[in-house]
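Subject: Structure for your review

Dear colleague,

Please find below the structure that I am handing over to you. I would be grateful if you could look through it alongside the notes that come after it.

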Amino acid sequence: MMSLRGRTAIVAGASGGIGSATVRALLARGMNVVLAAPQDALLDAIAAEIAPFGTRTLTVPTDITSRRDVDLAVARTLVAFGRVDALVNVAGTSTSPSLADASDADIERVLAVNLLGAARMMHAVIPVMQAQRAGAIVNIGSIAGEAGIMGVYSGSKFGLRGLNDSVRREMRQYGVGVTLIEPGFVATPMNAAMANLPGPEIVADAIVRAIERPRRRVIVPASYRLPVLLVQAFPGLTDLVFGDRRIQALLNRDARAERANVPS
């Protein structure tokens, strides 16, 4: 079980709802935290909020679709703190749940951020963790990576699930834990059209626990665990339910409302 105080974590996607909650949770546990996210007002806001933590934080504007930015974020972390004890891949984006309604640019953007971005971040820190023979990687998937109901977004999260399993097995010999956390719907700007959702802190707390004690997979909130089991056990029923045009219409309506509430 990893003791977190004095350790160093990179949070990719640190300016989003789950990312910023994760930054706060890790700082509260005594970690040094590197904020890696696109340079925008959201990153400025969380950087200003955590300024009182002083040298325990480092903000590195990062586009995870750029290998140059990814390598720079890791290099600056090593200069500032000397090691990388944890990587948290939180960054994510979405588009229409219907592949037919997504543009080619939408498809490229979702895969570039959700799958390739996470792969690049892991590829950049793995040599560091191998040399240390210690570390923890936490990838944020989605229950949509268990049930194919959201077009290319589900595809990206299915891909991340497979990549997470492969890297976990590869890194076991080096003492590096690799955990996949699959949230259901939580209260973030991406889901602003939905009411009565748990806050992103529920995911941040799961991330902290996964760094301390890595595990294969965690589904949060716990209420989603039974539906995921049912989807896996009865794929034909899932086909019937989510193949219904009324369900598809609801998914598309909610997705349009959510995109309208996501800051640009």
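The notes below concern confidence in the model, and then one strand and its neighbours.

Please bear in mind that this is a predicted model. The mean pLDDT of the protein is 90, with 89% of its residues reaching 70 or more. Residues 258-264 call for separate mention, as pLDDT stays under 50 there. For that stretch the model has 13 contacts beyond four places in sequence.

The strand in question is β5, which spans residues 135-140. This strand is mostly covered, with 6 of its 6 residues buried. Gly135, Ile137 and Asn139 point one way from β5, while Ala136, Val138 and Ile140 point the other way. The residues of both groups are all buried.

On one pairing, β5 runs parallel to strand β4 (residues 86-89), and 4 bridges join the two. Within this pairing, Leu87 of β4 has Ile137 in β5 as its bridge partner. Between these strands the chain passes through helix α4 (residues 104-132), and the resulting β-α-β crossover from β4 to β5 is right-handed.

β5 also pairs with strand β6 (residues 176-183). These strands are likewise parallel, and 6 bridges join them. Here Ile140 stands opposite Ile181 in β6. Together with helix α5 (residues 151-171), β5 and β6 make a β-α-β unit, which is right-handed.

In summary, β5 is joined by bridges to β4 and to β6, and its residues are buried.

Yours sincerely,

A colleague

Technical notes
Residues are numbered from 1 along each chain as its sequence is written. This is a predicted model: local features need pLDDT of at least 70, side-chain atom pairs count only at pLDDT 80 or more; totals for chains, interfaces and linings use all residues. Side-chain values use heavy atoms; hydrogens and water are left out. Buried means under 20% relative accessible area, exposed over 50%, partly exposed in between (1.4 Å probe, protein chains only). Two strands pair if DSSP finds at least two bridges between them. A crossover is right-handed if, with the strands pointing away from the viewer, the path from the first strand over the helix to the second runs clockwise. pLDDT is the predictor's confidence in each residue, from 0 to 100. Contact means heavy atoms within 4.5 Å.
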